[in-house]
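Work through the exercises below with the structure in view. Try each task before reading its solution.

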Amino acid sequence: MDMMTMNLSQFKECQKTINTVLIPIGMIEAHGPHCALGTDVLIPREFVGRLNDVLDKKILMAPEITYGHSWGLAPFAGTIDVSSEVFINYVFEICKGFQQNGFKNIILFNGHGGNISSLDIVTEKLADLEVSTLTINWFIDYREDIKQIAPHPGHAGEDETSLILAINKNYAYTSGVGSHETPIQKRFRFKDGGKTLYPEAFSGNAEAATVEKGEQLFHMLTTLIVEDIETFWELEQIQGGRIDDITVDA
Ligand SMILES: [Zn+2]
């Protein structure tokens with residue numbers, strides 16, 4: 001159910017039968033020299049269309065949050081960075097608006113790594129309001145599965161570039177782009193550190209990306225994500241809206 005094109009009468013009907021909203025969250029930022037700046041919005045948008053085909057009538061698909069937080073890629077042209085403080089409050093307020101409209105289950109479909117720590121805080125605050133959440137960080141949650149199809153994933157790497165090519169061949173190129181292995185990620189922080197981690201604003205083997213891999217990834221990941229959403233609903237019923245209680249920390 002697409003909220004963007006729904007009228008008020010349709011929305012009121014939707015409130016009677018649906019208690020879950022999915023909010024896509026992205027970023028506008030440098031994705032190497034070769035991928036669209038809106039990669040982290042375009043990929044969630046495509047997933048939303050595919051999930052809607054499977055889960056229509058069960059989930060309200062909300063309009064996407066386009067801008068996010070990117071400390072790492074902020075030194076590169078094309079990155080429009082919102083501070084984590086503002087981003088956390090902005091996403092939280094949007095989620096609270098959905099809660100006040102009767103949606104007690106919220107799926108945050110995140111396309112961007114720099115958003116993750118902020119979204120963790122948002123979901124903790126929401127749990128305190130008895131809103132249950134599932135955050136999907138597709139590029140991390142299914143990384144081992146992704147490697148079966150795209151062995152060298154990364155930021156604008158083999159996985160993201162393949163997905164973008166599958167969306168539209170004009171939104172990325174691979175010729176002459178090459179490959180950057182990401183150094184082991186420790187908790188180092190220094191000014192413009194992202195330039196070391198992402199020498200040309202990307203990591204992974206972008207040159208190995210193909211349309212076919214992108215289509216395979218979309219197909220596989222959509223299946224895995226649907227399974228996780230169904231698990232979310234099962235757990236939400238068991239836990240009575242306190243899924244955060246079963247999160248296991250290392
Ligand atoms: Zn990305």
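Three exercises follow on this predicted model.

**Exercise 1. Find which residues touch the most other members of the largest nonpolar core, and which helix gives the most to this core.**

Solution.
- Start with the core itself, which has 41 residues.
- Ile 136, Trp 138, Leu 221, Ile 225 and Ile 229 touch the most other members.
- Next, list the elements that give two or more residues; among them are helix 2 (39-55), strand 4 (132-137) and helix 9 (211-239).
- Helix 9 gives the most, with 10 residues.
- Now take Leu 221: beyond four places away in sequence, Leu 221 touches Phe 47, Trp 138, Tyr 142 and Ile 146.
- Another core lies apart, with 23 residues, including Leu 60 and Phe 92.

**Exercise 2. Describe how helix 2 and helix 7 pack.**

Solution.
- Take the geometry: the angle is about 65 degrees, and the axes are 10 Å apart.
- The crossing is left-handed.
- Turn to the residues: helix 2 brings Thr 39, Asp 40, Leu 42, Ile 43 and Glu 46.
- Helix 7 meets them with Glu 160, Leu 163, Ile 164 and Ile 167.
- Sort the contact by class: 5 residues are nonpolar, 1 is polar and 3 are charged.

**Exercise 3. Glu 130 and Ala 201 have positive phi values. Decide for each: buried or exposed?**

Solution.
- Recall the background: most residues other than glycine have a negative phi.
- Glu 130 has a phi of about 65 degrees and sits in the loop between helix 4 (116-128) and strand 4.
- The relative accessible area of Glu 130 is 57%, over the 50% cut-off, so Glu 130 is exposed.
- Ala 201 has a phi near 65 degrees and sits in the loop between helix 8 (194-197) and strand 6 (204-205).
- The relative accessible area of Ala 201 is 3%, under the 20% cut-off, so Ala 201 is buried.

How values were computed: Residues numbered from 1 in each chain as written. Predicted model: local features only at pLDDT ≥ 70, side-chain atom pairs only at ≥ 80, totals over all residues. Heavy atoms only, no water. Core = buried A, V, L, I, M, F, W, Y, C linked by side-chain atoms within 4.5 Å. Buried < 20%, exposed > 50% of the residue type's maximum accessible area, 1.4 Å probe, protein only. Helix = DSSP H or I, 4+ residues; strand = E, 2+ residues; numbered from the N terminus. Contact = heavy atoms within 4.5 Å. Axes fitted to C-alpha atoms, helices over the stretch in contact; angles between N-to-C directions. Left-handed = near helix turned anticlockwise from the far one by under 90°. Nonpolar A, V, L, I, M, F, W, Y, C, P; charged D, E, K, R; others polar.
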